[in-house]
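Dear colleague,

I am passing on a structure for you to look over, and I have set out below what I found when going through it. Please read the notes with the sequence and the coordinates open beside them.

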Amino acid sequence: MRLLLLIVAIVAVFLAVRTLVRSTSARKESVSRDARPDRLKEGGAVIRCAYCGVHVPEAEAYRDGDRLYCSPQHAEIDRNRQNAGPGSDSGAD
């Protein structure tokens, strides 16, 4: 008889814990689904740096002509690299 009561108690505890875990995860899931679009709307569009490929919000990006960069340093490096051209190596034949 004691063994039967012990088994019933264990099953009851298991069911209670499982119910609590499911309700907690369901609440977290609904909160994360609701919060994500608001956060994305606040940040605006995301662009990719033309030099390094890092994604940054468009509002924080640096524009150089028609290209967008994550920082003014990358804009300058890329501009210098483009101005140098492919055949501008200083090596002799």
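**Salt bridges**

The structure holds three salt bridges, and please keep in mind throughout that this is a predicted model.

One of these joins D64 to R79, with the closest N and O atoms 2.9 Å apart. This pair links distant parts of the chain, since D64 lies in strand 3 (residues 62–64) and R79 in helix 2 (residues 72–84), 15 residues apart. D64 is partly exposed, at 24% relative accessibility, and R79 is likewise partly exposed, with a relative accessible area of 34%.

A further salt bridge is formed where the side chains of R67 and D78 meet, at 3.0 Å from N to O. Here too the pair links distant parts of the chain, with R67 in strand 4 (residues 67–69) and D78 in helix 2, 11 residues apart. With a relative accessible area of 28%, R67 is partly exposed, whereas D78, at 0% relative accessibility, counts as buried.

D78 also forms a salt bridge with R81, and the closest N and O atoms of that pair are 2.7 Å apart. Because D78 and R81 are three residues apart in helix 2, about one helical turn separates them. Taken together, R67, D78 and R81 are linked in a network of salt bridges.

**Cysteines**

How many disulfides does the structure hold? The structure holds zero, and C49 is accordingly in no disulfide, the nearest cysteine sulfur being that of C52, 3.7 Å away. Why do C49 and C52 stay unbonded in the model? A disulfide is a covalent bond between the sulfur atoms of two cysteines. The sulfur of C52 has its closest cysteine sulfur in C49, at 3.7 Å, and this is too far for a bond, given that a pair of cysteine sulfur atoms has to lie within 2.5 Å to be taken as a disulfide. As for their surroundings, C49 is buried, with a relative accessible area of 4%, while C52 counts as partly exposed at 36% relative accessibility.

**Nonpolar surface patch**

A nonpolar patch of about 680 Å² lies on the surface, and the residues that make it are L3, L6, I7, I10, V11, F14 and L15. Of these, L15 is found in helix 1, which runs over residues 2–43, and L15 is partly exposed, with a relative accessible area of 38%.

**The protein as a whole**

The protein has two helices and four strands, and from the N terminus on its elements run in the order α-β-β-β-β-α. Of its 93 residues, 12% are buried, and D78 and C49 are among the buried residues. If one takes the contacts in the protein with a separation of 6 or more, residues 24 or more positions apart account for 11% of them. The accessible surface of the protein comes to about 8000 Å², and carbon and sulfur atoms contribute 58% of that surface.

If you look at one place while the model is open, I would suggest helix 2, where D78 is joined both to R67 and to R81, and where R79 pairs with D64 of strand 3.

With best regards

Key: Residues are numbered from 1 along each chain as its sequence is written. This is a predicted model: local features need pLDDT of at least 70, side-chain atom pairs count only at pLDDT 80 or more; totals for chains, interfaces and linings use all residues. Side-chain values use heavy atoms; hydrogens and water are left out. Buried means under 20% relative accessible area, exposed over 50%, partly exposed in between (1.4 Å probe, protein chains only). A salt bridge is a side-chain nitrogen of Lys or Arg within 4 Å of a carboxyl oxygen of Asp or Glu. Patches are made of residues with over 30% relative accessible area and no salt bridge: like charges are joined within 9 Å, nonpolar side chains (Val, Leu, Ile, Met, Phe, Trp, Tyr) within 5 Å. Accessible areas come from the Shrake-Rupley method with a 1.4 Å probe; for residues, only the protein chains shown count as cover. Contact means heavy atoms within 4.5 Å.
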